[in-house]
Amino acid sequence: MNRINQILGFSEIALEQLEDAGEDGPMDDLNKVIRAAKELQGMIERNLPLFSGQGGGAADGGAERVMGVAMPELPAIESRFAALENMSGHILVTDDDEMNREMLTRLLKGQGFTVAAARDGREALEMMRLKDFNVVLLDVIMPEMNGYEVLRELKTDERLRHIPVIMISGVAEMDSVTHCIRHGAEDYLPKPFDSTLLAARLHSCLERKRLRDLEQETYQALLTSQRKLAAELVEAADHVRSLLPTPVDEPESSIQTDSRFIPSVDLGGDAFGYEWLDPDHFGIYLLDVCGHGVRAALLSISVMNVLRSKALAGADFLNPTSVLERLNDVFPMEQQNGMYFTIWYGVFEASTRRLVYASGGHPAATLVTEEGGGFEQQQLKTRGMVIGGFEGLPYPSAETTVPKGSRIFIYSDGVFEIEKPDGSMMESEEFIQQILQACREAPGSKLDFLLTKGKELNGGDHFEDDYSILEIRF
């Protein structure tokens with residue numbers, strides 16, 4: 001069948017060339033050849049069932065044999081041709097032999113493909129840069145630019161490198177074909193062309209191309225989605241920062257504040273706030289929601305808004321115990337998708353220099369006072385569980401006196417739970433010593449000193465947990 005197809009193809013090409021040249025001599029003979037080939041083709045197709053295993057020769061259960069060769073069953077043959085007929089795509093045929101180009105072009109167009117032809121490698125590259133092709137049939141041996149050189153150009157071009165390439169080769173060129181396969185060609189097609197083999201090669205390449213294109217589309221859609229999500233997270237992070245209070249530097253009130261807030265991801269679960277509750281009382285808090293990301297940020301913002309707006313029914317904001325007990329009632333973890341938070345809350349009374357505070361599962365605040373040219377520290381923490389863990393828990397408060405010139409550092413555990421190069425974790429006691437060192441040695445911002453120390457230990461700016469710290473100077 002394949003030889004008959006080749007005879008028909010070349011005969012029809014020759015007939016067209018004679019018609020174009022206006023030569024009538026051999027046309028009758030060519031028409032006879034074409035009619036005879038078509039009649040033979042019809043006879044073979046009508047008698048294919050004889051070789052399909054459906055005749056009497058299949059009684060032994062084996063495949064029918066003709067001249068000692070096992071013949072494939074008819075469904076297998078039909079499926080090959082059906083696969084070719086159901087395919088579509090834009091194919092580029094590249095061959096310096098005009099007859100081969102014509103033969104392949106005619107065969108592919110007859111199967112429903114859109115076909116373009118190039119006479120050499122350079123022309124093929126120019127065409128590929130102007131139009132999109134699904135598969136390229138590429139001859140190995142060509143003048144000016146051979147198939148291997150074209151393949152090398154394709155694979156270094158980011159836009160063209162994914163086009164499947166089938167090498168066209170004669171038997172004597174197999175070493176070159178092997179070389180091309182190693183350097184990115186999908187497959188090869190031997191000369192003379194076999195229509196069934198061509199169907200198999202094209203079907204395989206087009207299917208791989210389809211899957212590759214689908215993969216790229218999915219990947220690009222994912223990138224677009226990630227960029228959009230990243231942009232939205234940046235906007236949300238900016239919104240969170242906008243809710244945080246600005247530094248206070250009021251000489252008449254004798255209070256100054258400073259803070260550093262570095263979320264571990266685009267959105268963090270830490271938040272803090274401070275404000276004058278009345279002319280004599282200055283409230284301070286810092287909270288840390290478990291986990292990171294959007295859910296943690298949403299809960300953190302909710303709690304912060306409740307505290308800022310004083311929308312906590314039944315709470316006395318001058319009383320840390322009252323505030324933490326009401327927060328525990330209003331934000332049970334069962335209603336927050338299993339999320340809870342820790343908090344340190346304090347109220348400084350300016351007239352008496354008394355600080356009342358309470359904590360719920362939060363690290364102690366560090367009060368630093370200057371004594372006789374040296375610095376002493378005091379840990380401010382009470383026995384309180386995380387907020388939202390259990391209903392009806394008590395949150396006792398404590399109090400201390402804040403001497404003039406004192407500093408209070410309030411922070412989340414992310415400022416000291418940093419992994420060291422040896423794999424161990426820094427402890428809170430080490431961070432307290434860094435605070436004392438900052439008070440002794442840092443001429444400017446103590447928080448910049450502490451942040452630099454943390455980055456040096458961390459080995460970079462990206463912390464595993466949210467980094468949040470407040471400094472209140474009296």
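Select helix α12, residues 446-458, and colour its buried residues, which are Lys-446, Leu-447, Phe-449, Leu-450, Leu-451 and Gly-454; buried here means under 20% relative accessible area, with exposed over 50% and partly exposed in between, for a 1.4 Å probe and protein chains only. Helices (H or I, at least four residues) and strands (E, at least two) are DSSP runs, numbered from the N terminus.

Before going on, note that this is a predicted model, in which local features need pLDDT of at least 70 and side-chain atom pairs count only at pLDDT 80 or more, while totals for chains, interfaces and linings use all residues. Residues are numbered from 1 along each chain as its sequence is written, and side-chain values use heavy atoms, with hydrogens and water left out.

Now add β9 (255-262), β17, α11 (428-441) and β18 to the selection, since the buried residues of α12 pack against these elements, a contact being heavy atoms within 4.5 Å. At the start of α12, show the side chain of Ser-445, where an oxygen reaches to within 3.2 Å of the backbone nitrogen of Leu-447; a polar contact is a pair of N or O atoms within 3.5 Å, where within protein one must be able to donate a hydrogen and the other to accept it, and residues adjacent in sequence count only if both atoms are side-chain atoms. At the other end, α12 is followed by Gly-459, whose phi is positive, near 80 degrees. The end C-alpha atoms of α12 are 18 Å apart, which agrees with the 18 Å that its 13 residues should span at 1.5 Å a residue, the expected span being 1.5 Å times one less than the number of residues.

Next, select strand β17 (residues 407-411), which is largely enclosed by the rest of the structure because four of its five residues are buried. Strand β14 (residues 365-371) pairs with β17 in the antiparallel sense over three bridges, and β18 (residues 467-473) is joined to β17, also antiparallel, by five bridges; two strands pair if DSSP finds at least two bridges between them. Which residues stand opposite Phe-409 of β17? They are Thr-366 and, in β18, Glu-471.

Then select the open sheet of five strands in the order β10-β11-β12-β13-β16, whose pairing is antiparallel. Its edge strands are β10 (270-278) and β16 (398-401), each pairing on one side only. Within this sheet, β11 (281-289) and β12 (341-349) pair over nine bridges, with Asp-288 opposite Thr-342 in β12. Helix α9 (residues 294-309) lies across β10, β11 and β12, at about 165 degrees to β11; axes are lines fitted to C-alpha atoms, for helices over the stretch in contact, and angles run from 0 to 180 degrees between N-to-C directions.

Move on to another open sheet of five strands, with the order β4-β3-β5-β6-β7 and parallel pairing. Strands β4 (114-118) and β7 (187-190) stand at its edges, each with a single partner strand, so one side of each is left without a neighbour in the sheet. Helix α6 (residues 147-155) lies across β5 and β6, running at about 145 degrees to β5.

Finally, colour by pLDDT, the predictor's confidence in each residue from 0 to 100, which averages 82 for the protein. Confidence is highest in strand β13 (residues 354-360), at 98, whereas pLDDT stays under 50 over residues 48-86.
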